[in-house]
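Subject: Structure handover

Hello,

Here is the structure for you to take over. My notes on its interfaces follow below.

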Amino acid sequence: MEAEIRTLPEVSQDVLASLRPPSLTPEKIQERLSYIIEKDRVVGDLPRRFLEAFAAVLKHTNYRQVIDNYARIPARCANCACACQIYQQTHDPKDVPCYRSNLLLEVYRRHFTLRGIVEGHLSGAPFLTDDLILEMAETYYHCTACRRCTLECPLGIDHGLVTHLARYVLSEIGLVPRALVISTREQLEGQTRNTSAIPWPAIADTLEFLEEEIKDDKGVDVKFPVDQPGREFIFFAPVSDYLMEAETLMGIAVVFYATGAMDSWTISTEFLDGINYGLFYSDWILERCLREELEQLRRLEARKILIGECGHASRSAKAFMRTFGGGEKAPPVVNIMEYTYRALKEGKLRLDPDVISERVTYHDPCNLARTGWIIDEPREILRSFCRDYVEMEPRGQWNLCCGGGGGTVSVDEIRPYRTGVTGVKKAEQIRATGAHYVVAPCANCKKQLREVCEDNGLDDVEVVGLHDLIYKAIVLE
Amino acid sequence: MLESWIELARGPLLRLALLAMAVGLLRQVLLQVWEISWAFHRAGDQVVPWRVALRRNLEWLLPWRYLQRKERRAYNFTSFLFHVGVIAVPLFLAGHVAIWNQELGLSWWTLPPAVADWLTAITVVAALGLLLGRMVNSASRVISKFQDWALPVLCILPFVTGFWVAHPLWSPFDAQVVYLVHLLSAELLLILVPFSKLVHMVLFWVSQTSSELGWRFPPGSGERVRVTLGKETEGI
């Protein structure tokens, strides 16, 4: 590997200072990138390590062919800027998706193509500097990887893929938001095996409590099945649901009760967290999380993977299970909304139209809607029992991101950015609907939208999951 | 003197430019096909929606997609007109088909002269429009590089001079000079195709497929990257 990598000469502080854009003084780095691990290594061997990591990634993955294509074809028409809610908010050239992608593509051009290497030798100037790497570390986490811009690129460039790749390479040199690393470490290498570090006894207590709640509210005995072998579905929800979104879980449990399929699903005690931050920053993590899910499926002899109300958990399982689960042999992946929709169509759900009188609107999580996967199902469910259902504009495949996509919602340090920049358009959109309930079937979107509403003066808005409302309205015998 | 230059530009230089473009494009195509097949071979999930991907590319060739949307409608439609002209006139102008016939022994349908004239005018206006659009849109202006400004200008040159070649009375310059500029600018453009963003004329067709394959990881690639970087024993 070594031979493929150019070692860069030591660069004097003067040169670095002259290259450094004004936005990236050490103070700014301290202030703006403090959430990124290894913040002290402002000057050092970052370029060499970045290029080594980039070379290793290009060697072992399928990114080279697509990056090579993207590096050659951009027409720089800026169609993507019209689609980007961040650029529309800031009008900062650094937020044009094509500009952002070009940072990594330029590194590829300069260091991994013949022409770039020749040019580099002729000009002699160091191209990849610490500052450029830090700029990438900052800007690729400003992007929420919502992929709206990919719908607008005439040349078919997927800027979400470039963001993912850049973050992957950065993560291999330790530049990744601390919040994501700590959660993932606990999920895959910790004692509790989930991103929120909740020990199983606490979750068991919660489930017991929820069962009692359902008994009180609905008068029926509903059990959360745990470690039951041979079931149709093994269920993975974002673990935060067990802490903060109890009504979502209760809603899911009563849907199973209503469909007479209480014995068709199970939760695993060993690994129940559907969260997969690998989708946001690392193929290595992505694969490990999915292999854990597959392992639990085999252990409990389940046949399908059922993901709760979570956009990225659903997409990472749906889009990559075949990759790691043996292609044709991989288990099918189902999102809970698809299950509930089928139950509705089969007439198994009785939802009381008199319960929800407030205005309701639906927010499309990017990871469910951008590819056109799940758009109409939740709407049909909502329309069946919400009298005052209104749509946001734009919606569906063209939805606006909640502003906390791509894992950025987990980074509490950048909340002012998330709610004051990336989430502003969403806040305007919600305000325009006049809705009381914003249904967001995604743990990340829910957290972000609550913060967006709080910081943008939308005090009357309540952000809920789809199954929260179903739980309120369902009629059980 | 000029005549010998024109002879050179009409004959050997034209052949050289076409050859350079063909070889350059062929190299790009072969590399891309090789890379794509290798990626497909390694992918854990080999169900690739080839047709859907190609259809997404094709959708962008036709204007109905962006005419439906408000944003950038004028710019995108101008771009559409520009592309129609820039492809149709070099290939289907009667004078050009005669050259292709003479060089390659192939002949095909030709544009009626009046249509060719209008298309030429539209192409030039569209190219100016694209430059103007690039100038007034701040996002586009800021991300533009040298070639984004230079290539439209370079495209205008053979079209304007070509029009004067066909209508010498309209030309303010010496006919031979105009003809020479026409030939040389067109040849320069042809040579630049594989080395500039113009290479999208071939790479465009696979960009969506490339994206799909980029998301189709080879199983175990993450672990192999760790091993290559000497981090196989390190935790998260």
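How much area is buried between chain B and chain A, and what percentage of it do carbon and sulfur atoms give? About 5300 Å² is buried between the two chains, and carbon and sulfur atoms give 55% of that area. Three residues stand out on the chain B side. Trp215(B), Phe217(B) and Ile236(B) supply 18% of the area that chain B buries against chain A. No other three residues supply more. Please keep in mind that this is a predicted model.

**Chain B against chain A**

The contact involves 71 residues from chain A and 61 residues from chain B. Polar contacts link 34 residue pairs across this interface, counting pairs with both residues at pLDDT 80 or more. Several helices of chain B take part. H1 (2-42), H4 (73-92), H7 (138-143), H8 (146-166), H10 (200-203), H11 (207-214) and H12 (221-228) each supply at least two residues to the side of chain B that touches chain A. H12(B) gives the largest share, with seven residues. By class, the chain B side holds 22 nonpolar, 22 polar and 17 charged residues.

There are six salt bridges between chain B and chain A. One salt bridge joins the side chains of Lys231(B) and Glu172(A), at 2.9 Å from N to O.

**Inside chain A**

Chain A is assigned three domains: domain 1 (2-176), domain 2 (192-344) and domain 3 (350-473). Glu172(A), from the salt bridge to Lys231(B), falls within the bounds of domain 1 (2-176).

I also looked at where domain 1 of chain A meets domain 3 of chain A. Here 18 residues of domain 1 are in contact with 22 residues of domain 3. The two domains bury about 1800 Å² between them, with 62% of it on carbon and sulfur atoms. How many salt bridges does the rule find across this interface? It finds zero between domain 1 and domain 3 of chain A. Polar contacts do occur there: eight residue pairs, both residues at pLDDT 80 or more.

Helix H6 (residues 85-90) of chain A gives the most to the side of domain 1 that touches domain 3, with five residues. That side of domain 1 has seven nonpolar, six polar and five charged residues.

Over to you.

Best wishes

Notes: Residues numbered from 1 in each chain as written. Chains lettered and ligands numbered in written order. Predicted model: local features only at pLDDT ≥ 70, side-chain atom pairs only at ≥ 80, totals over all residues. Heavy atoms only, no water. Contact = heavy atoms within 4.5 Å. Buried area = accessible area lost by both parts, 1.4 Å probe. Salt bridge = Lys/Arg side-chain N within 4 Å of Asp/Glu carboxyl O. Polar contact = N/O pair within 3.5 Å; in protein donor to acceptor, adjacent residues only side chain to side chain. Helix = DSSP H or I, 4+ residues; strand = E, 2+ residues; numbered from the N terminus. Nonpolar A, V, L, I, M, F, W, Y, C, P; charged D, E, K, R; others polar. Domains from an automatic or database assignment.
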